[in-house]
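Let us take a walk through this structure together, from the overall build down to single residues. Keep the 3D view open and turn it as you read.

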Amino acid sequence: MKKILSLLVIILLAQTIIAQDKSPVQFVFSTQRTSDSLVQLIISAKLEKGFQLFGVKKQSVEDEFVSSLQLDNSTSNDSISEEGKLLQIPSVDATSPAIRVYEDSVSFKYFFKVNASDSAILKGSFNWLGKLEDAFPSGSESFAVEVLPTSNDVVEDNSDIANQTLWQIFLLTFLTGLLAVITPCVFPLIPVTVSFFLKRSKTRAAGIKNALWYSLSIIGIYTIPTILLVLIFGDDILYQISTSAISNLLFFAIFLVFAISFFGAFELQLPNSWANKADQKAGKGGLGGIFFMALTLVIVSFSCTGPIVGTLLGQTSTGGVSTAPIIGMLGFGVGLALPFSLFAFFPSMLQSLPKSGGWLNSVKVSFGFIELALALKFLSNVDLIYHWRLLDRDVFLVLWIVIFVLLGIYLLGKLKFSHDSELPYVSVPRLFFAITSFSFALYILPGLWGAPLRHLSGFIPPDGTQEFNLDALKYQLNSGTKESTTTLNLAQPPQRLADKLHVPYGLVAYFTLEEGMAAAKALNKPIMLDFTGHSCANCRKMEKEVWKDPAVLQRMKENFVLVSLYVDESTDLPIKEQYIKKDGDKVITEGDKNLDYEITQFGFNAQPLYMFLDLNGKPLSSIKYGYDPDIAKFIAHLDAAKAAFEKNK
């Protein structure tokens, strides 16, 4: 009996320790300037199911059940003073004097005055009190967040960068939509459709109105399903699809089939019954009938537009922003629909359109070569994730060189397919397209010996997969410096995943936070967290366009310990390190763990993301620095992170 009682006591103690070890609330601390002199300290709390967190109150002498903020003495200086405001989101009920109890999540916002030209570090702790069933757990969460001066370019809101990127995505997809108009599935329908609206309508104004509705319907058919997909499955569903090895392999197979179809081996189309049903409803007239006319166009043109849409979704989803693929489909729909409205406004322009003919099939075959090149990109993503080493950088480039040389030969009429018409002479447009194709093949040829190919960094495999690389050899020869030797003597070299993962330019990187933190403490340097991915195009662009700059590279080597965390790394975690997240999903791979860490600690799931930590693992800056090719801005951000680390010593 005594043994049983002892065992029960041990079990209860173990459960108590585990319960204490796992906090029922996770905090994220950040700062944001609301004006030149006013700064918000934002405390965001995510609560476990069943746990309740007591709110905060300024005058809490008589209140036992509150949470509170306590600033360190080092925070109080001439440039910082508390403003006296406090916001709780969701807000406290104004009709009730009681302290609010929160569930699920809450944000507390404290306001401070910080001079516009000053930088500061807000340090302290947030003392929290909660309720879990009949118990009242409590704790204290320390923080240290940076406030940068408004005159510093680094303070630029990341939303500006995001907005620029969204505009770029819209422009790219809009131009792609215009390009899709000249495919053999869409182009012949333009004069027929526009003439139908103008002749069927009683007035020219009515014809224009019907054509506009037709165009809006096309835009809606491409955009609305994307919005619904995001709303139903979550903000990151398209991002998860685009970075998944299975979906990339599926995209490769689909694009390969489309390419073979474009070459004329077979005709790929959606079931005729779909088009027939849509066409029957289109004949009923009215705005509903016009909508189904637009749906019929989308269905019958699928064999030409499907690969383009798939490519756009794949490329615009890799940033992790749910808005990007929606903007992408909006841009594509606008580009595809615009000619129908334009020709309805100016019907005389229909006379200037070239007649349908063999040139349309040439366009289709040319798309086939491009689809084949894009298919290799998706296969390369899978190859990198699973470390198959089938499509290393040099092999990939050889295949692309062959594809674009063959495209140039085809455009000159020296290579023919079954559906091609006779080509008595080479037209001027074909000649220029052939020159472009040959020039592109010559441009990527030096990449076989390690040329950077900076403009293609987001599409081709990274330099580390190429066996013979003169450019990388230069950095290896220059890396045997005193600094490198000292670093290896003071800190353990990377161990885990070092045989599979590599970083460019002679940099030393750790691929787990634990190893990186140990090295940072040994070297007394801050950590530069590099959240990246094998299929992250913008990550490769940052490495080629920014990291390679000598001033950036010097700072990264001398001032920081680089920790590159791949969010799509497929290597399994050791059994003892695998765990289950709060939502019930299992964390099995290194990539799962890294992505979960990025989301829970920084509230972000896009790559690249660069965060900087002190020796206690606390952020040195609240700025979530993502893709931005501005070298001067990145240097300023590195210097600010280094200064914050030195100030906190």
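What follows starts with the whole chain, moves on to a helix pair, and then spends most of its time on one sheet and its surroundings.

Please keep in mind that this is a predicted model. The protein chain holds 20 helices and 15 strands. Of its 649 residues, 47% are buried. If you look at contacts with a separation of 6 or more, 71% of them in the protein chain are between residues 24 or more positions apart.

A good first stop is the pair of helices α11 (358–386) and α12 (393–411). Their axes come within 10 Å and cross at roughly 180°. Since angles over 145 degrees count as roughly antiparallel, α11 is therefore roughly antiparallel to α12. On the α11 side, the contact is made by Asn-361, Ser-362, Val-365, Ser-366, Phe-369, Leu-372, Ala-373, Leu-376, Lys-377 and Ser-380. From α12 come Phe-396, Leu-399, Trp-400, Ile-403, Phe-404, Leu-406, Leu-407, Tyr-410 and Leu-411. Sorted by character, the residues of this contact are 14 nonpolar, four polar and one charged.

The loop between these two helices has a backbone detail to check: Arg-389 lies there. Its phi is near 65°, a positive value in a residue other than glycine. Is Arg-389 buried or exposed, or something in between? Its relative accessible area is 44%, and with buried meaning under 20% and exposed over 50%, Arg-389 is partly exposed because its value falls between those limits.

Now for the sheet. It is open, has four strands in the order β10-β12-β11-β15, and its pairing is mixed. The edge strands are β10 (509–510) and β15 (609–613), each of which pairs on one side only. In general, strands of a sheet pair through backbone hydrogen bonds, and they do so either parallel or antiparallel.

Strand β11 lets you see both senses of pairing. With β12, β11 pairs in the parallel sense over six bridges, and in that pairing Met-528 stands opposite Leu-562 of β12. With β15, β11 (residues 527–532) pairs in the antiparallel sense over five bridges. Across that antiparallel pairing, Leu-529 stands opposite Met-611 of β15, while Asp-530 has Tyr-610 as its bridge partner.

How many of the six residues of β11 are buried? Six of the six are, so β11 is largely enclosed by the rest of the structure. Ile-527, Leu-529 and Phe-531 point one way from the strand, and Met-528, Asp-530 and Thr-532 point the other way. You will notice that the buried set includes Asp-530.

Helices pack around this sheet. Helix α16 (residues 513–523) touches β10, β11, β12 (561–566) and β15, and its direction makes about 175° with that of β12. Helix α20 (residues 631–648) lies across β11 and β15, running at about 20° to β15.

Within α20, take a moment for Lys-642. Its relative accessibility is 18%, so Lys-642 counts as buried, the cut-off being under 20%. Leaving aside residues up to four places away in sequence, Lys-642 touches Pro-526, Asn-559 and Phe-560.

The loop between α16 and β11 holds Asn-524. Like the arginine discussed earlier, this residue is not a glycine yet has a positive phi, here about 55°. At 36% relative accessibility, Asn-524 counts as partly exposed.

Last comes a covalent link. How many disulfides does a search of the whole structure find? The search finds one. This disulfide joins Cys-536 to Cys-539, with an S to S distance of 2.1 Å. The angle about the S-S bond is 85°, and the link is right-handed. Both Cys-536 and Cys-539 are buried.

Conventions: Residues are numbered from 1 along each chain as its sequence is written. This is a predicted model: local features need pLDDT of at least 70, side-chain atom pairs count only at pLDDT 80 or more; totals for chains, interfaces and linings use all residues. Side-chain values use heavy atoms; hydrogens and water are left out. Two strands pair if DSSP finds at least two bridges between them. Contact means heavy atoms within 4.5 Å. Axes are lines fitted to C-alpha atoms, for helices over the stretch in contact, and angles run from 0 to 180 degrees between N-to-C directions. A disulfide is a pair of cysteine sulfur atoms within 2.5 Å. Buried means under 20% relative accessible area, exposed over 50%, partly exposed in between (1.4 Å probe, protein chains only). Angles under 35 degrees count as roughly parallel, over 145 as roughly antiparallel, 65 to 115 as roughly perpendicular and the rest as oblique. Ala, Val, Leu, Ile, Met, Phe, Trp, Tyr, Cys and Pro count as nonpolar, Asp, Glu, Lys and Arg as charged, and the others, Gly among them, as polar.
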